[in-house]
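User: Got a minute to go through this one with me? I'd like to start with the pocket and see where we end up.

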Amino acid sequence: MPRYCFVSQVRPDQLDEYRRRHAAVWPELLETLRDAGWRHYSIFVGDDGLLVGYAEVDDLDAAQAAVQATDVNRRWQDEMARLFAHGARPDENWQYLDEAFNLDDQLAAAAREEDR
């Protein structure tokens, strides 16, 4: 299962609002994400506004396109844009990170080596 991690930057003066909005994401948007194939999607945010997101999707481009084609996502992104340091739609300004370590993958590889 492909895993994706991304970072962005919430404006520090908007952290309370960001957290409030994400404590109760619109049900229609949650269903849209699920139906587009997003799994194990989590967002972490630090007190300085650093945002780190994680998701698993079979096809990131297709999943993003499916979500971005919806009105509910357009409305959500437009409302969230003012909370971000870059002032643009957050889903268009993610910086993806390469995965350097995964515990489960390495444990599985070690077990395969032991079985040889």
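User: How do the residues lining the largest pocket divide into nonpolar, polar and charged?
Analyst: The lining of the largest pocket has 16 nonpolar residues, 6 polar ones and 1 charged one. Keep in mind that this is a predicted model.

User: Noted. And how much space lies in that largest pocket?
Analyst: About 450 Å³. The lining counts 23 residues, and the ones closest to the pocket centre are His-22, Leu-33, Tyr-41, Ile-43 and Trp-76.

User: Which elements supply at least two residues of that lining?
Analyst: Helix H1 (15–22), helix H2 (27–35), strand E2 (39–45), helix H3 and helix H4 (71–80) each do.

User: OK, and which one gives the most?
Analyst: H4, with 4 residues in the lining of the largest pocket.

User: Let me zoom out. What does the secondary structure of the chain come to?
Analyst: The chain has 5 helices and 4 strands. Reading from the N terminus, the order is β-α-α-β-β-α-α-β-α.

User: What does the C-alpha trace span along its principal axes?
Analyst: Roughly speaking, about 55 × 30 × 20 Å. The chain has 116 residues, and 33% of them are buried.

User: How much area does the chain expose?
Analyst: About 7400 Å², with carbon and sulfur atoms supplying 50% of that.

User: What about contacts between residues at least 6 apart in sequence: what share joins residues at least 24 apart?
Analyst: That share is 71% in this chain.

User: Switching to the strands. In which sense do E2 and E3 pair?
Analyst: Antiparallel, over 5 bridges, with E3 covering residues 50–56. As for individual partners, Val-45 sits opposite Leu-51 in E3, and Phe-44 has Val-52 in E3 as its bridge partner.

User: And the turn of that hairpin, how many residues lie between the strands?
Analyst: There are 4 between E2 and E3, and Gly-49 in that hairpin takes a positive phi near 95°.

User: Which other strand pairs with E3?
Analyst: Strand E1 (residues 3–9) pairs with E3, in the antiparallel sense over 7 bridges. One pairing to look at is Gln-9, which stands opposite Leu-50 in E3.

User: Now some single residues. Arg-21 caught my eye; is it buried or exposed?
Analyst: Arg-21 counts as buried because its relative accessible area is 15%, and the cut-off for buried is under 20%. Arg-21 lies in helix H1.

User: What is Arg-21 in contact with, leaving aside neighbours within four places in sequence?
Analyst: Trp-76, Glu-79, Met-80 and Arg-82. Trp-76 came up earlier, as one of the residues closest to the centre of the largest pocket.

User: Then Gln-64, where does that one lie?
Analyst: In helix H3, which runs over residues 60–68. Gln-64 has a relative accessible area of 16%, so it counts as buried.

User: And what does Gln-64 touch, not counting residues up to four places away in sequence?
Analyst: Trp-38, Trp-94 and Tyr-96.

User: On to Asn-93. Where is its place?
Analyst: Asn-93 is in the loop between H4 and E4.

User: Why does Asn-93 count as partly exposed?
Analyst: Because its relative accessibility is 30%, and the partly exposed class lies between the 20% and 50% cut-offs.

User: How far apart are Asn-93 and Phe-6, in sequence and in space?
Analyst: They are 87 residues apart in sequence and 9.4 Å apart in space, C-alpha to C-alpha. Not counting residues up to four places away in sequence, Asn-93 touches Val-7, Ser-8, His-86 and Ala-88.

User: Last one, Gln-95. Which strand has it?
Analyst: Strand E4, which takes in residues 95–97. Again leaving out residues up to four places away in sequence, Gln-95 touches Cys-5, Phe-6 and Val-7.

User: And what separates the C-alpha atoms of Gln-95 and Val-72?
Analyst: They are 23 Å apart, and the two residues are 23 residues apart along the chain.

Technical notes:
Residues are numbered from 1 along each chain as its sequence is written. This is a predicted model: local features need pLDDT of at least 70, side-chain atom pairs count only at pLDDT 80 or more; totals for chains, interfaces and linings use all residues. Side-chain values use heavy atoms; hydrogens and water are left out. Buried means under 20% relative accessible area, exposed over 50%, partly exposed in between (1.4 Å probe, protein chains only). Contact means heavy atoms within 4.5 Å. On a 1 Å grid over the protein atoms alone, a cavity is a set of points where a 1.4 Å probe fits but cannot get out, and a pocket is an open set with protein on both sides within 12 Å along at least five of seven lines; lining residues have an atom within 4 Å of a point. Grid points are joined across faces, edges and corners, and a volume is the space filled by probe spheres set on the points. Ala, Val, Leu, Ile, Met, Phe, Trp, Tyr, Cys and Pro count as nonpolar, Asp, Glu, Lys and Arg as charged, and the others, Gly among them, as polar. Accessible areas come from the Shrake-Rupley method with a 1.4 Å probe; for residues, only the protein chains shown count as cover. Two strands pair if DSSP finds at least two bridges between them.
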